Amino acid sequence: MLRYFVRRAGASLLVLFLVSIAVFSLFFAGAPSSIAMRFAGEGATRETVALVEQNLGLDRPLPVQYLDWVGGLLSLDFGVSFRTQEPVFESIVSRLPATASLALGAILIAVLVAVPLGSMAARKPGSLLDRTVSILAISGLSAPTFLIGLGLFYVLFYQLNRLGLPSFPSGGYVPIHESPLQWFLHMLLPWFTVALVNIGVYARFVRSTMIDTLRTDFVWFARAKGMSERRILGRLALKPSLAPLITLVGLDIGGLLGGTIITEQIWGIPGVGSYAVTGVLNGDLNVVMGTVMFAAVFIVVMNLVVDVAYALIDPRVRLR
Amino acid sequence: MTIEKMPLALEVDRLSVEFQTEDVTAKAIDDVSFSVGKGETLALVGESGSGKSVTARAVMGLVGDPGRVTNGTIRIGGDDVSRYSPRQWRAIRGARIAMVFQDSLSALNPVFTVGQQLVESFRVHKGIRGSAARKRAIELLELVRIPDAEQRFHQYPHEFSGGMRQRAMIAMSIALEPEVLIADEPTTALDVTVQAQILDLLADLQRERQMGLVLITHDLGIVAQRADRVAVMYSGRIVEETVTRKLFGSPSHGYTTALLGAIPRIDTSIGALTTIPGRPPQLGRQGRGCSFAPRCEFAVAACRDEIPEPIEVDRGHIAACHEWERVRDESK
């Protein structure tokens with residue numbers, strides 16, 4: 001198990017290294033003078049631009065700049081925002097609780113809803129329940145996030161509010177340590193905005209793996225031992241069916257922790273995603289690169305977590 | 001001399017199973033009757049697709065969709081279980097009638113330890129849990145001669161060798177001392193030396209516990225050594241049934257002789273092995289006569305027109321063949 005983990009961790013480091021090169025060459029190595037020009041402001045003289053280039057170290061050889069940048073990343077120095085002069089790393093970290101609340105809550109809801117739905121649908125493929133679940137899943141899956149978000153907003157905030165009924169908050173974020181209840185109420189609609197899509201994906205996924213599992217000899221053997229269908233569906237066939245879902249869930253969490261741009265925008269959540277958007281709109285290079293690297297780290301780390309979780313659920317994986 | 005009337009371990013009477021697809025209804029097994037006494041071994045032989053496994057599942061009450069038991073009764077230890085509700089079936093499955101599958105690697109759950117899979121029978125059926133269940137599970141592993149049972153208890157199926165895994169599955173099947181054990185090709189996936197060990201183990205367990213054993217196989221060598229009686233299946237029907245000695249000595253059905261002709265023999269020097277020409281009819285495509293007639297060297301006109309009824313050709317020897325006398329005389 002330890003060797004397995006070390007091997008996976010090594011592979012993850014390699015991936016991060018490659019990502020860092022890609023990010024660096026995409027954003028930095030492209031056009032140093034244009035960066036300097038933007039930084040120097042409109043109508044700056046050539047001398048000023050050259051001076052800015054020198055100040056930012058853009059005139060040095062690329063490998064030196066790269067090493068300097070990576071060295072910064074490793075010591076958690078992501079540079080400062082060109083615009084606000086605030087350190088990028090601290091800004092991301094301060095926005096992380098909002099993003100993490102959104103990501104983890106949404107995925108939790110999606111899993112809790114999708115696993116029973118998918119399992120029940122798998123029990124009788126083609127039944128009314130199965131088809132209902134499929135239709136719901138495909139609707140959730142194919143509706144764009146902004147549509148779901150705006151739909152929830154319209155019905156559960158705007159219409160309820162207009163009728164004078166108690167409604168959900170229209171947006172914003174309350175840290176959990178300030179008021180758990182307000183945190184929960186503020187997060188509920190954003191959670192479902194993200195979760196509806198994932199419920200569709202997961203339910204269909206669980207359904208198809210469960211259908212395969214229910215056909216295996218070990219399920220028949222369990223029946224021959226007198227195990228009930230409920231026990232088979234809820235435990236004996238569920239555990240082997242969940243292993244592949246772990247991959248999906250882990251990668252989704254990794255992706256969401258990197259920031260959910262649309263959902264955070266709709267619900268006014270000050271998370272990593274909205275920070276990245278601000279960075280892009282302002283051409284704030286350090287912010288963009290910082291958030292991208294941050295998202296990459298989450299995805300790679302979650303990949304690693306998935307591999308380990310997979311090995312914990314399915315003991316055969318440890319041998320490979 | 002009076003023979004004491006004891007309930008048989010398993011009695012199957014005129015059992016039929018149909019498979020219903022959108023446009024075809026196919027009889028997977030038709031009018032299958034056999035019985036197994038306590039401590040007796042009945043071999044169920046036939047080629048693949050002859051209905052052996054469907055019979056086994058039907059007797060376990062486990063005919064899955066789209067199959068359906070359309071007729072027949074099943075008695076276990078004298079109790080008619082054929083009208084049992086799903087809940088009643090669950091209570092006897094694993095407890096009074098149990099089954100060993102062919103491939104232990106796919107029949108054991110890969111993500112639970114062997115111990116967990118053993119203990120669950122005690123918990124679900126008897127409410128025995130915790131260290132008591134654990135103790136009994138380890139005793140069972142020792143009973144099926146698995147060395148280091150304490151450690152093996154905590155291992156996963158893939159950490160076992162093929163033979164050990166088959167022993168573990170047998171341990172799970174006999175955990176609750178069933179009256180009937182159905183072994184569906186229990187040694188097909190194993191190499192020959194291990195096969196003998198597993199069959200010895202089954203025979204010992206059967207003797208100790210007076211279980212009725214239904215041994216499903218296509219290996220006539222195993223039949224000759226291990227079975228008290230044999231039922232030969234072809235295309236969903238039992239075509240011949242008798243004690244093992246008589247089946248090999250005076251086969252009375254065209255299919256049985258063809259089957260026996262396909263075994264290699266060491267004591268005679270015929271050139272090539274006989275093969276049976278043609279193939280079994282597809283499900284749902286059985287004609288109106290004897291379904292073996294198109295492949296049978298003894299077939300006459302009547303065989304193609306009329307399904308032969310099973311008749312007692314000798315004491316305790318049943319065959320469903322119009323030409324059984326000719327078949328028996330010529331195969332001597």
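Buried area is the accessible area that two parts lose on being put together, summed over both. With that in mind, let's walk through this predicted model, starting where its two chains meet. Between chain B and chain A, about 2,400 Å² is buried, and carbon and sulfur atoms give 63% of that area. Chain B brings 29 residues to the contact, while chain A brings 20.

What holds our eye next is the set of polar pairings. There are 9 residue pairs in polar contact between chain B and chain A, both residues being at pLDDT 80 or more. The two chains also share 2 salt bridges. One of them links Arg231(A) with Glu120(B), whose closest N and O atoms lie 3.2 Å apart. On the side of chain B that touches chain A, two or more residues each come from strand 6 (97-100), helix 3 (104-107), helix 4 (114-126) and helix 7 (162-174). Helix 4 of chain B gives the largest share, 7 residues. Sorted by class, this side of chain B has 14 nonpolar, 10 polar and 5 charged residues.

Now let's look inside, where the structure holds 2 cavities of 30 Å³ or more. The largest has a volume of about 70 Å³. It is lined by 13 residues, and the closest to its centre are His253(B), Cys290(B), Cys296(B), Cys303(B) and Cys321(B). Its lining divides into 9 nonpolar, 3 polar and 1 charged.

The second largest cavity has a volume of about 30 Å³. Among the residues lining this second cavity are Leu10(B), Phe34(B), Thr55(B) and Ile216(B). Helix 1 (52-59) and strand 8 (212-217) of chain B each give two or more residues to this lining, with helix 1 providing the largest share, 3 residues. By class, the lining has 8 nonpolar residues, 1 polar residue and no charged ones.

Methods: Residues are numbered from 1 along each chain as its sequence is written. Chains are lettered from A and ligands numbered from 1 in the order in which they are written. This is a predicted model: local features need pLDDT of at least 70, side-chain atom pairs count only at pLDDT 80 or more; totals for chains, interfaces and linings use all residues. Side-chain values use heavy atoms; hydrogens and water are left out. Contact means heavy atoms within 4.5 Å. Buried area is the accessible area (1.4 Å probe) that two parts lose on being put together, summed over both. A salt bridge is a side-chain nitrogen of Lys or Arg within 4 Å of a carboxyl oxygen of Asp or Glu. A polar contact is a pair of N or O atoms within 3.5 Å; within protein, one must be able to donate a hydrogen and the other to accept it, and residues adjacent in sequence count only if both atoms are side-chain atoms. Helices (H or I, at least four residues) and strands (E, at least two) are DSSP runs, numbered from the N terminus. Ala, Val, Leu, Ile, Met, Phe, Trp, Tyr, Cys and Pro count as nonpolar, Asp, Glu, Lys and Arg as charged, and the others, Gly among them, as polar. On a 1 Å grid over the protein atoms alone, a cavity is a set of points where a 1.4 Å probe fits but cannot get out, and a pocket is an open set with protein on both sides within 12 Å along at least five of seven lines; lining residues have an atom within 4 Å of a point. Grid points are joined across faces, edges and corners, and a volume is the space filled by probe spheres set on the points.
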